[in-house]
Amino acid sequence: MNRSETRPIHVGNEQIGGQNRVVIQSMTNTRTKDVDSTVEQILRLEEAGCEIIRVAILDKEDALAVKQIREQIHIPLVSDIHFNPDFAIQAILSGTDKIRLNPGNIEDEGKIREIVKLCKERNVPIRIGINAGSLNRKYTHSEEAMIESAKDHLRILEALDFHDICLSFKSSDPLECIKAYRLAAETFPYPLHLGVTEAGGLLNSTIKSSLALGNLMLDGIGDTIRISISDDPIEEVRVARKLLRACGLKKDVANLISCPTCGRLQYDMLPIVKEMEAYLETVDKDISVAIMGCPVNGPQEAARADIGVAGGKQSAILFKKGQIVRTIPQDQIIQTLKEEIEKL
Ligand code: SF4
C-alpha cells in the first residue's frame, strides 16, 4: 500500500510519519496525579500493545506527576493540555515526550514563545487537535472550516520556525472525519493522528472507527491512530490492533476465522470461539486460526487458515491450509489448537 509521505516527528523513541508504521495510541482515564493508578493502567495498556500513551493535564500537580509516571513506563508519554500555558511548560520540564496543545487558544504570546523554545530544546513535538464540535465561532461548521482552523494554529508555530507538528481532525461523525482528513492530507505536510471522537461504546466505536480510519488508512492516510471508546482503554488498543491487521498494516497479530454457524453445526462451537479469541490476543504471530462448525464445508471454507478445526458429532478434524491432518476428540480441541499454534 502506498502511504502518504508526511514530515516525520520523534515522540520519545517512536517516530510518527514518513513511511513509518501506523502507531497505536490510547489515553488513560485515571487522575494523572494519582501516579500509582496511572502507571498501573499504562503498564496494562503497554502489555495490550499500546505504543504511545496520552494523559490529561488539568493542573500543576498533574504536570509535575508526568516525571514520576515517565520513570515507571516504557512507551512515550503525551501531555494533553487545554488553554493553560503554565501546565504545558511544567509538563515539558517534567519530561513529556509530546504535548497536545492548540496555540491559538493561548492569548499570552510570550508564553507561546517559551513553550516553543522549550519544545525545540527538548525535541518535544506538538499535536494541534481540531475538533469539529469546538471550532472557533468565526467558522461555520464544515470540513473546510476545520482545515482553516488548523491553519490559524499552525501559523503561530510556523512563524516561530517550529515544524515538529502532528495534526488531528476529529469529529463524532465518521463521514465528516473521512472528508476532513482527506482534505488535510492534500493540504498539510505534517503527520496525521486519526480518530473518530465521542464514538460511543465498544460496538458503536468499533463500527465508526473502522469505517473512517479503515477507509483513510487504505488510501494511505494516517500515521497514528486512537480508537475512542467509552470503556476500559484496553478495548481501544484491542480494536486498534485488529483494525491495523485487517488493513494489512500490522502483521504480528493472530487472526481468527470462524464461521457464523448454521443448521449444519454439529457441536458446541461458540464457547470454543470465545476462549480461542481471547487466547489469540496473546499470540503475536502472523497466523490465521479457523474454528468451523461442520467437517463437510469447514476445511474448504477456511482453506487459507494456517491451522483450524471443524467439529463433527463426536470428534473434530484438525486441518492445515485446507488439508485434513487428523481427527481429535472434541474435548481436546482447545488444547490441541494451542499446542499447534505454539509450533507455528
Ligand atoms: S462451516 Fe458448516 S456450520 Fe459453519 S456456516 Fe459453514 S456450513 Fe454452516
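In this predicted model, strand β3 (residues 23-27) and strand β10 (residues 224-226) run parallel and are joined by 3 bridges. Within this pair, Q25 faces R226 of β10. Readers following along in the structure can use this pairing as a way into the sheet that holds both strands. That sheet is open and is built from 8 strands, arranged as β8-β7-β6-β5-β4-β3-β10-β9, with parallel pairing. Its edges are taken by β8 (165-170) and β9 (193-194); each has a single partner strand, so one side of each is left without a neighbour in the sheet.

Helices lie across several of these strands. Helix α2 (residues 60-72) lies across β4 (52-57) and β5 (77-81), and its direction is at about 170° to β5. Further along the chain, helix α5 (residues 143-159) lies across β7 (126-131) and the edge strand β8. The angle of α5 to β7 is about 155°.

Helices also pack on one another. In general, two packed helices are described by the angle between their axes and the distance between the axes. For helix α7 (residues 202-218) and helix α8 (residues 233-246), the angle is about 40° and the axes are 11 Å apart. Their crossing is right-handed. On the α7 side, the contact is made by L202, T206, S209, S210, L213 and G214, while α8 supplies E235, V239 and L243. By residue type, this contact between α7 and α8 comprises 4 nonpolar, 4 polar and 1 charged.

The protein chain is divided into two parts, with domain 1 spanning 9-246 and domain 2 spanning 255-343. Taken over C-alpha atoms, the centres of domain 1 and domain 2 are separated by 39 Å.

Attention now turns to a second sheet. This one is also open, with 5 strands in the order β11-β12-β13-β14-β15 and mixed pairing. Here β11 (255-258) and β15 occupy the edges with a single partner strand each, so one side of each is left without a neighbour in the sheet. From one strand to the next, the twist averages 20°.

The parallel part of this arrangement includes β11 and strand β12 (residues 288-292), which are paired over 4 bridges. N255 has S288 of β12 as its bridge partner. Helix α9 (residues 270-280) lies across both β11 and β12, running at about 170° to β12. Helix α11 (residues 333-343) packs on the sheet as well, where it touches β12, β13, β14 and β15. The direction of α11 makes about 165° with that of β13.

Antiparallel pairing appears between strand β13 (residues 307-311) and strand β14 (residues 315-320), which share 4 bridges. A hairpin of 3 residues connects β13 to β14, and G308 stands opposite F319 in β14. On the β15 side, β14 is joined to strand β15 (residues 323-329) by 6 bridges, again in the antiparallel sense. F319 takes part here too, with I324 of β15 as its bridge partner. Thus F319 is opposite G308 and is also bridged to I324. The β14 and β15 hairpin has 2 residues between its strands, and K321 in the turn shows a positive phi of about 50°.

Finally, the surroundings of the ligand can be described residue by residue. The ligand is surrounded by C259, P260, T261, C262, R264 and L265, together with M292, G293, C294, N297, G298 and E301. The residues of this shell comprise 6 nonpolar, 4 polar and 2 charged. One of the surrounding residues, M292, is the last residue in the range of strand β12 (residues 288-292).

Notes:
Residues are numbered from 1 along each chain as its sequence is written. This is a predicted model: local features need pLDDT of at least 70, side-chain atom pairs count only at pLDDT 80 or more; totals for chains, interfaces and linings use all residues. Axes are lines fitted to C-alpha atoms, for helices over the stretch in contact, and angles run from 0 to 180 degrees between N-to-C directions. A crossing is left-handed if the near helix is turned anticlockwise from the far one by less than a right angle, and right-handed if clockwise. Two residues are in contact if their C-beta atoms, placed from the backbone, lie within 7 Å. Ala, Val, Leu, Ile, Met, Phe, Trp, Tyr, Cys and Pro count as nonpolar, Asp, Glu, Lys and Arg as charged, and the others, Gly among them, as polar. Two strands pair if DSSP finds at least two bridges between them. A residue is near a molecule or strand if its C-beta atom, placed from the backbone, lies within 6 Å of it. Domain bounds come from an automatic or database domain assignment.
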